[in-house]
Amino acid sequence: MPQCPICKAAVWVGDRYCPTCDHYLPHPEEEDHFCPRCGIRVASQQKICHKCKAALPEIAGTLSTASARGSKLLFSIHGISIGIGLVIVALLLVFLFKKSPGPLQPVVTPQPQAPAEQTPATPPKPPTDTAPPAPKAQDPAVLPEPTTPSAPKVTVPTPAPPLYMVNAHSLALRASPSRSAPLIAILNFQDEVELLETSGGWGRVRDVRRDIVGWSNMRYLAADDN
């Protein structure tokens with residue numbers, strides 16, 4: 001199957017335009033002609049471009065346009081070549097400038113300095129005998145004044161809080177003396193607690209075993225006679 005010379009897409013035999021890129025498909029004996037506005041390939045006998053609907057010039061005008069484009073392309077190629085040559089020359093000059101040695105600098109040799117004169121060491125002075133200082137007269141001893149002994153402090157032992165036993169199967173330990181107060185813990189039967197204070201039939205107690213303080217109903221607490 002033949003291919004489009006522009007986009008290389010497959011075309012059918014007898015097609016005049018490529019279905020992919022819209023370029024004109026020339027015969028082998030025809031020359032290349034392009035639309036000056038959209039740049040697609042057109043036939044030599046076309047008067048209007050089939051894509052942009054622009055009026056196509058005569059073949060001579062097309063050839064002159066193609067030659068003008070060729071001259072512009074050749075001029076741009078020459079300009080690029082000249083620019084590349086100038087860049088290469090500049091790089092060579094920079095390389096040679098870095099390689100060239102700089103101006104010679106005078107070398108200054110320091111003059112030898114005369115050795116410093118040594119001063120004779122002074123002999124050490126003989127030790128002089130000095131008489132020991134006379135002992136100072138001691139002041140008569142001052143007797144301390146008699147002090148009155150202070151009375152010993154009497155520490156009164158703080159009585160321990162009374163002990164109670166839980167006489168219910170389980171007893172709630174709450175944060176305040178109220179049934180709606182948050183629950184802190186559950187006391188079991190015969191748990192030993194210390195009574196810290198009372199308020200309205202409630203007692204503020206401390207669980208001896210777990211060291212937890214809260215409020216419980218005094219109805220379910222019995223005094224520990226032991």
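# Group meeting talk: a tour starting from Glu-194

Let's start with one residue. Glu-194 is buried, and its relative accessible area is 16%. The cut-off for buried is under 20%. What you see here is a predicted model.

Where does Glu-194 sit? Its place is in strand E6, which covers residues 192-199. Now its surroundings. Setting aside residues up to four places away in sequence, Glu-194 touches Pro-161, Pro-162 and Leu-163. On the same list of contacts are Arg-204, Val-205, Arg-206 and Val-208.

One of those contacts deserves a stop. The side chain of Glu-194 meets that of Arg-206 in a salt bridge, at 3.1 Å from N to O. Which parts of the chain does this pair tie together? Glu-194 belongs to strand E6 and Arg-206 to strand E7, residues 202-207, so the salt bridge links parts that are 12 residues apart in sequence. There is a third partner too. Glu-194, Arg-206 and Asp-211 form a network of salt bridges.

Next, the other charged pairs. How many salt bridges does the structure hold? The count is 4. One of them joins Arg-204 to Glu-197, with the closest N and O atoms 3.7 Å apart. Both residues are partly exposed: Arg-204 has a relative accessible area of 29%, and Glu-197 is at 37%. Another joins Asp-207 to Arg-210, where the closest N and O atoms are 2.8 Å apart. Is Asp-207 buried or exposed? Asp-207 counts as buried, at 1% relative accessibility. Arg-210, its partner in the salt bridge, is partly exposed at 33%.

Let's move to the strands around these residues. E7 pairs with strand E8, residues 212-217. The two run antiparallel, and 6 bridges join them. Look for Gly-203 in this region. Gly-203 stands opposite Ser-216 of E8. E7 and E8 make a hairpin with 4 residues between the strands. In that hairpin, Asp-211 takes a positive phi near 55°. We have met Asp-211 already, in the salt-bridge network with Glu-194 and Arg-206.

Now the nonpolar side. The largest nonpolar core has 10 residues. Its members include Tyr-164, Val-166, Leu-171, Leu-173 and Ala-185. Leu-187, Val-193, Leu-195, Val-205 and Leu-221 also belong to this core. Which strands supply at least two residues each? They are strand E3 (163-166), strand E4 (170-174), strand E5 (183-188) and E6. E6 is also where we found Glu-194. Val-205 is a core member, and Val-205 is on the contact list of Glu-194 as well.

Take Tyr-164 from that core. Leave aside neighbours within four places in sequence. Tyr-164 is then in contact with Asp-191, Glu-192, Val-193 and Leu-195. Its contacts also include Met-218, Leu-221, Ala-222, Ala-223 and Asp-224.

Over to the cysteines. How many disulfides does a search of the whole structure find? The answer is 0. Why no bond at Cys-21? The closest cysteine sulfur, in Cys-7, is 3.6 Å from the sulfur of Cys-21, too far for a bond. A disulfide needs the sulfur atoms within 2.5 Å. Cys-38 gives a second case: its sulfur is 3.6 Å from the closest cysteine sulfur, in Cys-52, and that is too far for a bond. What about exposure? Cys-21 is buried, with a relative accessible area of 18%. Cys-38 counts as partly exposed, at 31%.

A quick stop at Pro-19. Pro-19 lies in the segment before strand E1 (33-34). At 60% relative accessibility, Pro-19 counts as exposed. Pro-19 and Cys-4 are 15 residues apart along the chain, and their C-alpha atoms are separated by 9.4 Å.

Last, the whole protein. There are 1 helix and 9 strands. Along the sequence, the pattern reads β-β-α-β-β-β-β-β-β-β. The protein has 226 residues, and 18% of them count as buried. The accessible surface comes to about 18800 Å². Carbon and sulfur atoms hold 61% of that surface. Finally, take contacts between residues at least 6 apart in sequence. Of these, 33% join residues at least 24 apart.

To close, back to the start. Glu-194 is buried at 16%, and Glu-194 shares a salt bridge with Arg-206. That's the tour.

Note on methods. Residues numbered from 1 in each chain as written. Predicted model: local features only at pLDDT ≥ 70, side-chain atom pairs only at ≥ 80, totals over all residues. Heavy atoms only, no water. Buried < 20%, exposed > 50% of the residue type's maximum accessible area, 1.4 Å probe, protein only. Contact = heavy atoms within 4.5 Å. Core = buried A, V, L, I, M, F, W, Y, C linked by side-chain atoms within 4.5 Å. Areas by Shrake-Rupley, 256 points an atom, 1.4 Å probe, with all protein chains shown as cover. Pairing = 2+ DSSP bridges.
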